[in-house]
Amino acid sequence: MSSAAEQETVQEGLRGDLPGPLPVAGVEGRDREPGSPVALRAREAPLYTASVWPGAPTPLGARFRIGPDGVAGTNFALWAGGAEAVELCLFDEGGDSATETRLPLTELTHEIWHGFVPGVRPGQRYGYRVHGRWDPWTGARWNPAKLLLDPYARAVDGDFELPAEVYGHVRDWPQQHVADTVRDDRDSAPHVPKGVVVHDDAPDDEWMDDRRPKTPWADSVIYELHVRGFTKLHPGIPEELRGTYAGLAHPAAIDHLVRLGVTAVELLPVHQYAHEDHLLKRGLCNYWGYNSIGYFAPHAGYSASGTRGEQVGEFKRMVRALHAAGIEVILDVVYNHTAEAGELGPTLSLRGIDNRGYYRLQSDARTYADYTGCGNTLHVVQPHVLRLITDSLRYWVTEMGVDGFRFDLAAALARSMHDVDMLSPFLAVIAQDPVLRRVKLIAEPWDVGNGGYQVGAFPPLWTEWNDRYRDAVRDFWRGALPDVRDLGYRLSGSSDLYAWGGRRPYASINFVTAHDGFTLRDLVSYEQKHNEANGEGNRDGTNDNRSWNCGAEGETDDPRINALRRRQLRNLLTTLLVSTGVPMLVAGDEMGRTQGGNNNAYCQDNEAGWLDWSLLETPGPRGLLELTTRLLALRHAHPVLRRRAFFSGRARAADGLRDLAWFTPHGKEMTERDWYAPASTLALYLSGRDIPGRDARGAEVTDDSFLTVLHAADRPASFQLPGPPWAQSYELVVDTSREEQETAPGTVHAGGETVTVSARSVLLLRVTG
């Protein structure tokens, strides 16, 4: 409960006793006749003078259609539980000084306010003002002075500025500990973007299942990229298309993806998002976009064709172009929180529609339950919030054509009232939804709340970012693993995490780097983060990088160190691409992109965050790209590297060969004692004769067998190749100690022969007899 002094402070604020002059929004609408439109500013005439027709409560959002008597118009429907009144606000073409016409929505059906407005066509900009009690102590934060973005808006026009007028409370109130309880009555409309009515396309058979790539999970290779960052500096993309959806659809961009051999792009957030106030004040922005505010709208800043609905068509054309090249589109989605932050954040949409209905609140209801580290958490247990999320997901699949989703901080979505619950409403709805259960579902299986780390716990249908794979591989190559037990699990599909409930090895999304953290090149060039450019005193970003700089911090002219770094890059990429599970590459890692040691470049919309295509003009990056391409081609050609079932480790043939075997440098199979002993060398044998499952025609699947030797020590080592019955001979496929891989293949070694493994290198050998 609030103190009497705090209550008095708030009452003074509501009376308008604010520090300095604060203009009051013009109309609250309580004294006018029902159904009459009101213009915010004095103009010759309002945009619309006809009464709002009743319309329908479904579908939610703004939908252009033919209404009664064949009249064209738009149906508006907004869920606003607990609100006392809702006004639809329409804006003319006047830019920031546009006339606003307010039309009360008087029809209320199951907490949905709705109405049909004749004459409103695609391209019309709109927003809402929602009336209700201002009582922050009980979670009620209605404020009709704030123009609100429709949660179901299909397109958004304009940018979010964050002056004081955009906050529902008096942001600069002298007593900051109660500032969020003092209502600000200034109008926010000039400072916030508007929703845009979009013409719904006719059903488009481009999105039918037989027009999608439909790459099986086991055959997938994911390439995480930022729409703007991937295309901004690409010399083959016309300058006017760089940084946009159209740029990613350009043949120059798609050709790189196809030549590389990836099967899916995972796009960093493309939902409409807003920038945080603290970044704008420092001249920065939320470049990554993990600050969503519009779950149906493609982010307008990535559109080359316009922001009055054109961004929708441009996004669809991008998806079609990628599909035509055999590449799936996966969206990184942020349904765990919104850009409205905590109680001191701006009022942009959901907070002003129904704060208590959309967000998880603490027991005192004035503050927010924050399982995301971003100030708020969506209350997914609420049916209307769950509907918002699932409606959004289905929209992106059925109307925008995407093939799957990576859920940021997915554990926050899986919470019931407090604890993470794998039987939660969100997971249950996804499991039974006829659309969503058929697409690719990737969980970031943690949040920042108690009990939020849930790697290995998500149910079947789901795959997961496997950070234990990342950590084990990084630690092995920097010489920090106490033994190789954990690495063995990670290389072979992480059966200790996923071999339950019918899950498969492809439940593990294997990655060494992601957008969050060091790039691959920085991982071998820096031991400390260097985030000074973010303006947060280098306090942001993790300190647990598990990196090794190879002898010098940052860039160096030392040829020995640079050669070692290039070798480590080859080691890390080779390890990733021969591991069982689904590999994920980060855009630019295949050519040695650097962020200058910044491990949290979320606000760097500049050369630090953009892919530098000029790297390919130098031999080192070109060689790394060629190796990555070779490894991906090898992976696609050999099903033994893309297993659909876990290894059994048991002998199936009379000769005693198993589907998976592990060897010491002496050519002997590892014993239990070997797994617990310190080791810098590990070899695994994958048998191509024991691949479970059948092909599309019912035939058994067979393949070559492979031996992979990983050696992380700083000195060469002798390794005896396993002889019969494992192999009569081996052909060398990859040797990461070599700068140029073209000379490596073709070398043949006899089974039982002792070979020298160079310091810090990987040998990949194919059994030839």
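Helices and strands here are DSSP runs, numbered from the N terminus; with that in hand, the loop of Pro725 can be placed between β26 (717-720) and β27 (729-735). Please keep in mind that this is a predicted model.

**View 1. The whole chain contains 17 helices and 30 strands.** The radius of gyration is 29 Å, close to the 27 Å that the globule rule gives for 769 residues, so the chain is as compact as a globular protein of that length. Taken along the principal axes, the C-alpha atoms fill a box of roughly 95 × 55 × 50 Å. If we look at contacts between residues at least 6 apart in sequence, 72% of them join residues at least 24 apart.

**View 2. Here we turn to the surface and charges of the chain, which exposes about 28,400 Å².** Carbon and sulfur atoms supply 50% of that exposed area. Of the 769 residues, 60% count as buried. The side chains include 79 positive and 103 negative ones, and the centres of these two sets lie 4 Å apart.

**View 3. Residues 224-635 carry the UniProt annotation "domain: Glycosyl hydrolase family 13 catalytic", taken from an unreviewed entry.** Over residues 224-635 the chain is 34% helix and 10% strand. The end C-alpha atoms of this stretch are 18 Å apart.

**View 4. A cis peptide bond runs from Thr58 to Pro59.** Most peptide bonds are trans, which is a handy reminder when checking omega. For Thr58 to Pro59, omega is near -5 degrees. Pro59 sits in the loop that links β1 (38-39) and β2 (61-66).

**View 5. Pro724 and Pro725 are joined by a cis peptide bond.** Its omega is near 5 degrees. Pro725 belongs to the loop between β26 (717-720) and β27 (729-735), the one introduced at the start.

**View 6. Ser494 has a positive phi of about 60 degrees, although it is not a glycine.** Most residues other than glycine have a negative phi. Ser494 is found in the loop between α12 (485-491) and α13 (495-498). Is this serine, Ser494, buried or exposed? With a relative accessible area of 0%, Ser494 is buried, because the cut-off for that label is under 20%.

**View 7. Asn538 is a residue other than glycine with a positive phi, near 60 degrees.** You will find Asn538 in the loop between α14 (520-523) and α15 (559-578). Asn538 also falls within the numbering of the annotated stretch, residues 224-635.

Terms used
Residues are numbered from 1 along each chain as its sequence is written. This is a predicted model: local features need pLDDT of at least 70, side-chain atom pairs count only at pLDDT 80 or more; totals for chains, interfaces and linings use all residues. Side-chain values use heavy atoms; hydrogens and water are left out. Helices (H or I, at least four residues) and strands (E, at least two) are DSSP runs, numbered from the N terminus. The radius of gyration is taken over C-alpha atoms; the globule rule is 2.2 Å times the number of residues to the power 0.38. Buried means under 20% relative accessible area, exposed over 50%, partly exposed in between (1.4 Å probe, protein chains only). Contact means heavy atoms within 4.5 Å. Accessible areas come from the Shrake-Rupley method with a 1.4 Å probe; for residues, only the protein chains shown count as cover. Lys and Arg count as positive and Asp and Glu as negative; His and the chain ends are not counted. The place of a charge is taken as NZ of Lys, CZ of Arg, CG of Asp or CD of Glu. UniProt positions are given in the numbering used here, feature names are shortened, and annotations may be inferred rather than shown by experiment.
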